[in-house]
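Student: Please show me the model, and then let us go through it by question and answer.

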Amino acid sequence: MKNLVKLCASLGVWLCLGCRPEAASLTETHASAIRDSVAAALDRFRDLGAAADWEAVGDFYSESPAFRFHENGELRYPTSADVRAALAEFPPGMRTETTYRDTEIEALGPGLALVHALFESTFSSDGGFEFSFGGAVTMLWAHETGGWRILNGHSSAPVSREGW
């Protein structure tokens with residue numbers, strides 16, 4: 001378990017420094033298959049939010065002790081259980097429509113992919129509530145026993161600079 005945490009920490013350092021583990025061990029066919037399957041997982045993740053199936057959305061977050069998700073430069077969810085607890089607090093009928101654009105999926109190695117995208121999300125409910133925001137997201141996806149899971153991520157929304 002300690003070795004897995006060290007491996008994930010090392011990978012995080014490599015990613016932050018702009019280095020990538022050698023993907024040369026992947027054939028283009030394997031890398032393409034990883035990109036396609038991660039793209040399908042990302043689509044399913046988005047569709048479940050639109051369907052307000054928050055329990056299934058929560059299943060996309062890894063149980064690994066190396067899990068972390070940051071928002072706007074701060075650690076927002078230190079564990080996937082924290083993400084699931086936040087999702088469980090949504091009122092009944094709350095759903096989200098998310099559009100990803102300029103999506104890049106990079107196969108880093110067997111069972112590991114990095115996703116970069118710009119996004120726009122609108123949360124809404126049958127009662128007329130609506131809230132929209134957008135920004136950029138980066139996620140490290142790992143292939144686990146149950147399929148692709150988000151191991152690490154960061155999302156950020158632009159800061160208004162009006163009046164500067």
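**A buried serine, the sheet and the salt bridges**

Tutor: Ser-62 counts as buried, since its relative accessibility is 0%; buried means under 20% relative accessible area, exposed over 50%, and partly exposed in between (1.4 Å probe, protein chains only). This is a predicted model, in which local features need pLDDT of at least 70 and side-chain atom pairs count only at pLDDT 80 or more, while totals for chains, interfaces and linings use all residues. Residues are numbered from 1 along each chain as its sequence is written, and side-chain values use heavy atoms, with hydrogens and water left out.

Student: With which side chain does the side chain of Ser-62 make a polar contact?

Tutor: Ser-62 sits in the loop between α3 (54-58) and β1. Leaving aside neighbours within four places in sequence, Ser-62 is in contact (heavy atoms within 4.5 Å) with Phe-67, Ser-80, Glu-144, Arg-149, Ile-150 and Leu-151. A polar contact is a pair of N or O atoms within 3.5 Å; within protein, one must be able to donate a hydrogen and the other to accept it, and residues adjacent in sequence count only if both atoms are side-chain atoms. At 2.4 Å, the side-chain partner of Ser-62 is Glu-144.

Student: In what order do the six strands form the open sheet?

Tutor: Helices (H or I, at least four residues) and strands (E, at least two) are DSSP runs numbered from the N terminus, and the protein has four helices and six strands. Along the chain the elements run α-α-α-β-β-α-β-β-β-β. Two strands pair if DSSP finds at least two bridges between them. The pairing in this open sheet is mixed, and the order is β2-β1-β6-β5-β4-β3.

Student: Which strands stand at the edges, and why is one side of each left without a neighbour?

Tutor: Each edge strand has a single partner strand, so one side of it has no neighbour in the sheet. The edge strands are β2 (74-77) and β3 (95-109).

Student: Which residue in β6 stands opposite Arg-68?

Tutor: Strand β1 (residues 68-71) and strand β6 (residues 147-156) run parallel and are joined by four bridges. Opposite Arg-68 in β6 stands Asn-152.

Student: At about what angle to β3 does helix α2 run?

Tutor: Helix α2 (residues 28-50) lies across β3, β4 (112-124), β5 (130-144) and β6. Axes are lines fitted to C-alpha atoms, for helices over the stretch in contact, and angles run from 0 to 180 degrees between N-to-C directions. The angle of α2 to β3 is about 165°.

Student: How many residues apart are Arg-95 and Asp-126?

Tutor: A salt bridge is a side-chain nitrogen of Lys or Arg within 4 Å of a carboxyl oxygen of Asp or Glu, and the whole structure has six. Arg-95 and Asp-126 form one, with the closest N and O atoms 3.2 Å apart. The pair links distant parts of the chain, with Arg-95 in strand β3 and Asp-126 in the loop between β4 and β5; the separation is 31 residues.

Student: Is Asp-126 buried or exposed?

Tutor: Its partner Arg-95 is partly exposed, at 24% relative accessibility. Asp-126 has a relative accessible area of 68%, so it counts as exposed.

Student: Which residues do salt bridges that share partners join into one network?

Tutor: Asp-47 forms a salt bridge with Arg-46, the closest N and O atoms being 3.2 Å apart. Through shared partners, the network consists of Asp-43, Arg-46 and Asp-47.
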